[in-house]
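Visitor: Please show me the structure, and then take me through how its helices pack and where its pocket lies.

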Amino acid sequence: MKNLLEKHQKLINQILKFGVVGGGAFLIDYTILYVLTEFVGIHYLVSSIISFTISLIFNYILSIYWVFDVTKKQTTKEILVFIILSVIGLGINQIVMYVGSDILHIYYMLTKLVATFIVMVWNFVTRKIFIEK
């Protein structure tokens with residue numbers, strides 16, 4: 001029973017840490033998207049790629065060293081898996097952004113909220129499966 005409780009506590013702590021890291025990454029992503037689109041004049045889909053990538057780097061570093069507590073050096077295979085999963089996450093983000101903004105005509109910053117939630121779930125589940133073994 002004690003092991004089960006400890007295991008659940010570890011998962012709860014990971015989810016809370018993932019939320020903190022994700023919140024920081026979201027603020028980076030959302031702010032850069034807005035600034036690049038509204039002030040620099042870059043198309044929202046291009047801004048979205050840039051902002052997503054910058055927030056992903058932030059998220060990766062903190063996820064590896066704080067959320068999932070990966071103490072060993074990452075292998076080339078593990079980094080490649082992370083990159084592949086991230087590219088899929090970026091694809092999901094871009095599809096949701098395009099469908100929400102261009103097809104459904106929802107303001108791109110609102111669409112970004114939906115895209116972020118979907119990609120957040122994708123990231124947590126896939127990182128839990130593939131990065132933390």
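Guide: One definition comes before the questions. A crossing of two helices is left-handed if the near helix is turned anticlockwise from the far one by less than a right angle, and right-handed if clockwise. The model shown is predicted.

Visitor: Which hand does the crossing of H3 and H4 have?

Guide: The helices concerned are H3, residues 76–103, and H4, residues 108–130. By the definition above, a clockwise turn of the near helix counts as right-handed. The crossing in which H3 passes H4 is right-handed.

Visitor: Why is H3 described as roughly antiparallel to H4?

Guide: H3 and H4 pack with their axes 9 Å apart, at an angle of about 155°. Angles over 145 degrees count as roughly antiparallel. H3 is therefore roughly antiparallel to H4, given that angle of about 155°.

Visitor: How many nonpolar residues does the contact of H3 with H4 have?

Guide: On the H3 side the contact includes Phe82, Leu85, Ile92 and Met97, and on the H4 side Val114, Ile118, Trp122 and Phe130. Polar residues number seven and charged residues two. The nonpolar residues in the contact of H3 with H4 number 14.

Visitor: Which element gives the largest share of the lining of the largest pocket?

Guide: The largest pocket has a volume of about 230 Å³. Of its 18 lining residues, Ala25, Asn59, Thr116, Val119 and Asn123 are the closest to the centre. Helix H1 (2–40), helix H2 (44–67) and H4 each give two or more residues to the lining. The largest share, seven residues, comes from H4.

Definitions and conventions
Residues numbered from 1 in each chain as written. Predicted model: local features only at pLDDT ≥ 70, side-chain atom pairs only at ≥ 80, totals over all residues. Heavy atoms only, no water. Axes fitted to C-alpha atoms, helices over the stretch in contact; angles between N-to-C directions. Helix = DSSP H or I, 4+ residues; strand = E, 2+ residues; numbered from the N terminus. Parallel < 35°, antiparallel > 145°, perpendicular 65-115°, else oblique. Contact = heavy atoms within 4.5 Å. Nonpolar A, V, L, I, M, F, W, Y, C, P; charged D, E, K, R; others polar. 1 Å grid on protein atoms, 1.4 Å probe; cavity = no way out; pocket = protein on both sides within 12 Å on 5 of 7 lines; lining within 4 Å. Points joined across faces, edges and corners; volume = space filled by probe spheres on them.
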